[in-house]
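Biologist: I'm new to this one, so could you walk me through it?
Modeller: Happy to, let's pull it up and take your questions in turn.

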Amino acid sequence: MIVEVNVPVFAESITEGTLLAWHKKIGEAVARDEILVDIETDKVVLEVPAPQAGVLVEVIVNEGDTVTSQQVLAKIDTEAAAVSAAPAQAAPAAEAAAPAAASNAQAGVAMPAAAKLAAEKGVDVGSIQGSGRDGRVLKEDVQNASAAPKAAAPAAPIPVGARPEERVPMSRLRARVAERLLASQQENAILTTFNEVNMKPIMDLRAKYKEKFEKEHGVKLGFMSFFVKAAVAALKKYPVVNASVDGKDIVYHGYFDIGIAIGSPRGLVVPILRDADQMSIADIEQAIVDYAKKAKDGKIAIEDLTGGTFSITNGGTFGSMMSTPIINPPQSAILGMHATKERAVVENGQVVVRPMMYLALSYDHRIIDGREAVLTLVTIKDLLEDPARLLLDL
């Protein structure tokens with residue numbers, strides 16, 4: 001019996017994707033639920049499993065082609081599942097595949113865009129250590145490899161007066177991020193308010209309990225969980241900051257789904273901590289670690305990125321001192337964290353040195369007035385500077 005392999009049903013926000021790579025060739029046996037192909041959307045990379053065991057007899061869509069929801073990708077012959085290839089036929093194939101297998105085992109499989117770029121630049125993908133999922137070579141890896149100096153064959157110097165350029169198409173994720181951020185600026189009345197927070201109380205608390213915390217919960221105690229807790233407390237006091245606009249209506253959410261911006265090899269993703277108000281400090285830290293690993297491995301699911309009522313982004317990870325974060329629609333506000341630096345501040349009439357961080361809250365002025373925005377940020381600041389209040393719900 002011939003069984004079709006179809007593109008999964010996309011979420012409503014996704015219209016199409018790009019076929020990244022086939023994991024099987026025509027004539028090869030496949031097991032039920034074995035991953036056959038990867039599809040890149042503007043949110044995640046989807047792994048498509050085989051619906052039945054059998055032999056892959058036809059591939060309809062090639063790598064790099066655009067696909068739509070439920071489109072037929074390939075066909076599997078289930079009746080040929082028990083039929084094994086003759087040794088005379090299998091041996092040449094095995095011999096031909098051996099060098100490729102050795103190369104793949106060493107440096108991973110090159111994605112179509114990476115393979116194309118490598119061919120254009122004359123880069124050997126077998127010599128590149130891939131940063132993608134399962135060691136796959138990404139386009140960025142090829143770019144880095146081609147830009148890196150080579151001891152054996154140093155690149156020729158650029159002639160004086162030369163003006164080199166390189167044109168690289170955006171990935172679907174990057175294009176979608178660009179589209180959403182531009183729409184956010186055009187559709188929202190974005191305003192940003194700033195404040196600063198003395199991080200010493202949080203840093204002292206973390207230093208005192210981090211070893212016991214990790215031993216008890218199996219995860220390191222970071223700073224993000226305190227910011228999530230403080231943000232949730234502030235959102236409870238000022239619900240409009242947790243709301244969203246739907247046409248001419250304001251939708252007040254009775255739950256707190258907090259998006260955490262995380263960098264990945266494919267770009268920025270914002271997975272959601274659902275019902276963050278019901279999560280403990282340990283739960284939040286573990287969820288962030290899990291999301292970071294999934295993002296690195298390219299295994300973030302669409303469900304992980306869907307929804308969200310408020311977001312937090314930490315530019316301080318890269319050294320940013322101050323920024324004006326852009327709202328992630330349909331949310332109405334986003335909190336920006338920044339680098340912690342020792343600065344001279346005045347306390348009780350005395351100049352002292354404290355580890356200070358600038359905070360930024362960007363908000364949609366269509367529904368959030370300056371008063372609510374400022375008080376929300378002040379609440380977050382006050383809670384972080386007196387973390388015991390987070391435990392006492394004060």
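Modeller: Let's start with a strand pairing: W22 of strand β2 has V37 in β4 as its bridge partner. Keep in mind that this is a predicted model.

Biologist: How many bridges join β2 to β4?
Modeller: The W22 and V37 pair belongs to this pairing. The two strands run antiparallel, and the number of bridges joining them is four.

Biologist: And which residue is the bridge partner of G17 in β7?
Modeller: β2 also pairs with β7, residues 66–68, in the antiparallel sense, over three bridges. The β7 partner of G17 is V67.

Biologist: Is β2 mostly covered or mostly open, and how many of its residues are buried?
Modeller: Buried here means under 20% relative accessible area. Strand β2 spans residues 16–22 and is mostly covered. Of its seven residues, the buried ones number six.

Biologist: Where does the largest nonpolar core lie with respect to domain 1 and domain 2?
Modeller: That core has 73 residues, and L73, F227 and I312 are among those touching the most other members. Its largest share, nine residues, comes from helix α6, residues 224–237. Domain 1 (2–77) and domain 2 (190–392) both give residues to the core, so its place is between them.

Biologist: L273 touches many core members too, so which residues is L273 in contact with, leaving aside neighbours within four places in sequence?
Modeller: L273 is indeed in the group that touches the most other members of the largest core. With those sequence neighbours set aside, its contacts are V228, F256, D257, I258, I260, M279, I284, A287 and Y291.

Biologist: Which residues does the second, separate core include?
Modeller: This core is made up of seven residues. Among them are L117, V123, I128 and V142.

Biologist: Now the backbone: is D33 buried or exposed?
Modeller: D33 sits in the loop between β3 and β4. Its phi is positive, about 70°, although D33 is not a glycine. Exposed means over 50% relative accessible area. With 52%, D33 is therefore exposed.

Biologist: What is the relative accessibility of N348?
Modeller: N348 lies in the loop between β18 and β19. Phi of N348 is also positive, near 55°, in a residue other than glycine. N348 counts as exposed because its relative accessibility is 83%.

Biologist: Last one: what is omega for the peptide bond that joins P329 and P330?
Modeller: Most peptide bonds are trans. The bond between P329 and P330 is cis, and P330 is placed in the loop between β16 and β17. Omega for that bond is about 5°.

Note on methods:
Residues numbered from 1 in each chain as written. Predicted model: local features only at pLDDT ≥ 70, side-chain atom pairs only at ≥ 80, totals over all residues. Heavy atoms only, no water. Buried < 20%, exposed > 50% of the residue type's maximum accessible area, 1.4 Å probe, protein only. Core = buried A, V, L, I, M, F, W, Y, C linked by side-chain atoms within 4.5 Å. Domains from an automatic or database assignment. Contact = heavy atoms within 4.5 Å. Pairing = 2+ DSSP bridges.
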